[in-house]
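Here is a friendly briefing to read alongside the sequence and the 3D view. Please keep both at hand as you go through the points.

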Amino acid sequence: MKAGGRGEVWTLAEIREGRLHPVSYELLAWGRGVADALGVPLASVVPGDNPPDAASLFAHGADKVYLAEDPGLKHFLVDAYAGVLADMTEEYEPQVFIASATTQGRSVMSVLYARLGCGLTADCTDLSVRDGLLLQTRPAIGGNVMADIMTPERRPQMCTVRPKSKRPLTPDPSRKGELVRYTPKKSSLASALTFLGFDPELRVGLPIQDAEVIVAGGKGMKEAKNFALLEELARLLGGSVGASRAAVDLGWAPHSSQVGLSGKSVTPRLYIAWGISGAVQHLAGMGGAETVVAVNIDPNAPIFGVSDFGVVGSALEVLPRLIDDLKKNKRHIPAGRLAGR
Amino acid sequence: MEEALRIAVLIKQVPATENVKIDPETGVMIREGLEAEVNPLDLYALEEAVRIKEKFPHTRATAVTMGPPAADKAARYAIAMGCDEGVLVTDRAFAGSDTLATATVLSHALYRLGAFDLILTGERATDGETGQVGPAVGSLLGVPVLTFVSRLEILPNGRILAERAVEGGHERLSAPIPSLAVVVKEINVPRLCTLGGKLKGKKAEIRTLSFADLGLPRERVGLAGSPTKVVKVCYPQVTRKGRKVSAAEDFDGALEALETFLANVGAGGNPALPGAEEGEA
C-alpha cells in the first residue's frame, strides 16, 4: 500500500491462555502518542477465538477495537493470524501498525510485512512523529548503535516495540469507543500448521521477559546448586531468575533464563546481577532495565559501569545474608511500589 | 524418510562480537581489527541440518548466504561443519538492502536453486538483530513458517514436529514439508569443525548468484527495494555512574547500604508483589 490518506494507528492486542496480555495495554500507551500527533483514531486489533471484553481496551486509550473472532484463531498459528491481519490491513488501510516484540508479535509481523510489501522496524525503544511520518528508534549491535528509521512510502508503517518499555495509561473506565466485529475469511484462516499442545515451564515467577524484578546469576555463583539461592531471593522480591550465557552453558540454568545477545532482551524495573562480570553481549540484553544492581568480586568488572549500585564482594557471601535479612527484617515493605509505577 | 531431503540453511556473516570492547570515553564500540564470522545464532541452524543429514543419509544440505564477495568464508564454514555445498548471493546492486529487500533476494535465490523440503535459519543476526529476514523469506516463498523452534523432528509420515520456545513454556506444533524453521539456541550444541572439514570447506567451489541470475526488477533490491530508510545513527553512552561499596572492606556496612538501596527502589522484600506466586504451578 502506498502513502496517503488519514489512516488509523493500529496496535495488536495479544491473548495468552485466553486472557489479554498486559502488552496490549502498553501498546495503547505507545499508540496514543502517535495517534494524537497524527490526529487520527487509535485502534486495538484483537484476533482470537473468544476475544475478551473490549471495555478494558477503551479504558486504556483505544478509540476503536476490532474484534476478529473465529475458532481458527484459538491458538497462535502464524499463517492464519498473518492472513487475517493482511485482509484487515487491506480493507481498513491503517497508516501505522504497532505490535509488541514478544514471540507472537515478532513472528506475525515478520510474516505480515513481507506479505504486504511494507517496512518493518523491530524492537523499537522510542516512537515519535516527524513530518507526518513515524520516526522509529531502535538499538542494534548489542545496543551500541541507535538508529532512527522511517518508512516514507509504504503503508502501514509497521514496527514492534520492546515489551515493558512503556507503562500502560491510567485506565479511565468512563472512556467509550467504537467496537467493530470483523468476520475473518475462511480462506485466510486456513493454516498449514497444527497446534498439538503447550507445556508450561516450571519456574519461580514470570518468564523473564515479563518480570518486574530479575535476579540473575553468572559464573560467580560457582555451582548449579547455588542457583537455589537466586530462586529464594526471586521469591522474596516477587521476581524471576535470569542467567548469563556462561551459567547457561555450564548447565546451571535453563536456556529460557539466558539474558543477552544470544538470549533474551529484558526490561525489568530492577535487575540484580550476582557474579556476572558483564560481557558486552550480556549488557546488550539487560541495558533496558530501569535500575541495575551488581554484586561482583572484581572491582573492575564491566557490569559496574552500567550499575546504579554496586557491591564489590563475593556473591556467595552477600546473597545468603541478604536473604536472611529480608526474611526477618519486615521494616522494608513498600507495598508494591515497584509494581505500581 | 526414504527419499532424499533437500535442506537450505540461510546464514549471515557478521562482525565477530565475541571480544568486542567499548571505548570507555565515548561509549562507542571499537570495531577495528574485528574479524568476520558466521552469525553465532546461525550455527544452531547449521548443526540441525547436519544432524538431519546424519539421520537421513540421503539429505543434501545447502548453505546460502548473501553478502559481499568475502562472505564466501561463511559458506566455507558451513561446508566445514558438514553441509554439502555453499552458495553466495552477491552483487553491488544488493547494497543497502533492508530486511524486506534482503528477504526478496534470498527467496528468489532459493527459488532458483530448486525445491527445498526444509529451510533453516538462526533466530536473528547479532549485528542487525531484527530476526525478521527468515520469516519474511518463508512468507515470500509461501511456505509455512515456524519461529523460535527449540526442537525439530522429521516424522516418517513426512511431517515436521516442532517445539517452539515461547514465554512461559513450549508449544508443540506439526508442519508440512516444505516449511521454514527459525531455530533458537536451545535446539542443539553446534559441533566444532574437524581439520578434515575445514580442508573441505577451503577447497570447495562456492557457487555464486548475482543480481542478473535472479530475474528480479532493479527496484525490488538494494536501497530502492527497501521500504525502511535509516535517517540517523548515533552511539549512545550506556554507562551509569552508580555508587559502589566494598564488602571486602566493610561487609556489614556494604550489606546495609545494599538493603537500603533496594528498599528505596521498592524491593525491600514483599512477597505480595505480582509474580511471586504465579507460574509456580
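A residue is called buried when its relative accessible area is under 20%, exposed when that area is over 50%, and partly exposed in between. By that yardstick A:Arg175, with a relative accessible area of 25%, is partly exposed. Please bear in mind that this is a predicted model. The points below go from the chains as wholes to salt bridges, then to one helix and one residue.

**Chain A as a whole**

- Chain A contains ten helices and 18 strands. Its radius of gyration is 21 Å, close to the 20 Å that the globule rule gives for 341 residues, so chain A is as compact as a globular protein of that length.
- Measuring along the principal axes is a handy way to picture the chain: the C-alpha trace of chain A spans about 60 × 40 × 40 Å.
- Of the 341 residues in chain A, 63% are buried.
- Among contacts in chain A with a separation of 6 or more, 64% come from residues 24 or more positions apart.
- The surface that chain A exposes is about 12,100 Å², and carbon and sulfur atoms supply 52% of it.
- Chain A carries 37 positive and 36 negative side chains, and the centres of these two sets lie 3 Å apart.

**Chain B as a whole**

- Chain B has seven helices and 15 strands.
- Buried residues account for 57% of the 281 residues in chain B.
- For contacts in chain B with a separation of 6 or more, the share from residues 24 or more positions apart is 71%.
- Chain B has an accessible surface of about 12,600 Å², with 54% of it belonging to carbon and sulfur atoms.

**Salt bridges in chain A**

- How many salt bridges does the structure hold over all chains? There are 34.
- One of them joins the side chains of A:Arg175 and A:Asp63, at 3.0 Å from N to O. This pair links distant parts of the chain, 112 residues apart: A:Arg175 sits in the loop between strand S11 (157-161) and strand S12 (178-182) of chain A, and A:Asp63 in the loop between helix H2 (55-59) and strand S5 (64-69) of chain A.
- A:Asp63 is partly exposed, with a relative accessible area of 23%, and A:Arg175 is partly exposed as well, at 25%.
- A:Asp70 and A:Lys186 also meet through their side chains in a salt bridge, at 3.0 Å from N to O. A:Asp70 lies in the loop between S5 and helix H3 (78-92) of chain A, while A:Lys186 belongs to helix H5 (residues 186-189) of chain A, so the pair ties together parts that are 116 residues apart in sequence.
- Is each partner buried or exposed? A:Asp70 is buried, with a relative accessible area of 10%, whereas A:Lys186 is exposed, at 62%.

**Salt bridge in chain B, and a network in chain A**

- In chain B, B:Glu47 forms a salt bridge with B:Arg191, and their closest N and O atoms are 2.9 Å apart. B:Glu47 lies in helix H1 (residues 43-55) of chain B and B:Arg191 in the loop between strand S12 (179-183) and helix H5 (195-203) of chain B, so this pair ties together parts that are 144 residues apart in sequence.
- B:Glu47 is buried, with a relative accessible area of 2%, while B:Arg191 is partly exposed, at 28%.
- Back in chain A, salt bridges that share partners join A:Lys164, A:Arg167, A:Glu212, A:Arg269 and A:Glu290 into one network.

**An enclosed helix in chain B**

- Why is helix H2 (residues 72-81) of chain B described as largely enclosed by the rest of the structure? Seven of its ten residues are buried, so the description follows.
- The buried residues of H2(B) include B:Asp72, B:Ala74, B:Ile79 and B:Met81.
- After H2(B) comes B:Gly82, with a positive phi near 135°.

**A buried valine in chain A**

- A:Val266 lies in the loop between helix H7 (245-249) and strand S16 (270-274) of chain A, and it is buried, with a relative accessible area of 0%.
- Leaving aside residues up to four places away in sequence, A:Val266 touches several others, among them A:Ile208, A:Ile214, A:Val259, A:Tyr271 and A:Met286.
- The C-alpha atoms of A:Val266 and A:Thr125 are separated by 12 Å, and the two residues are 141 residues apart along the chain.

Note on methods: Residues numbered from 1 in each chain as written. Chains lettered and ligands numbered in written order. Predicted model: local features only at pLDDT ≥ 70, side-chain atom pairs only at ≥ 80, totals over all residues. Heavy atoms only, no water. Helix = DSSP H or I, 4+ residues; strand = E, 2+ residues; numbered from the N terminus. Rg over C-alpha atoms; globule rule 2.2 N^0.38 Å. Buried < 20%, exposed > 50% of the residue type's maximum accessible area, 1.4 Å probe, protein only. Contact = heavy atoms within 4.5 Å. Areas by Shrake-Rupley, 256 points an atom, 1.4 Å probe, with all protein chains shown as cover. Lys, Arg positive; Asp, Glu negative; His and termini not counted. Charge placed at Lys NZ, Arg CZ, Asp CG, Glu CD. Salt bridge = Lys/Arg side-chain N within 4 Å of Asp/Glu carboxyl O.
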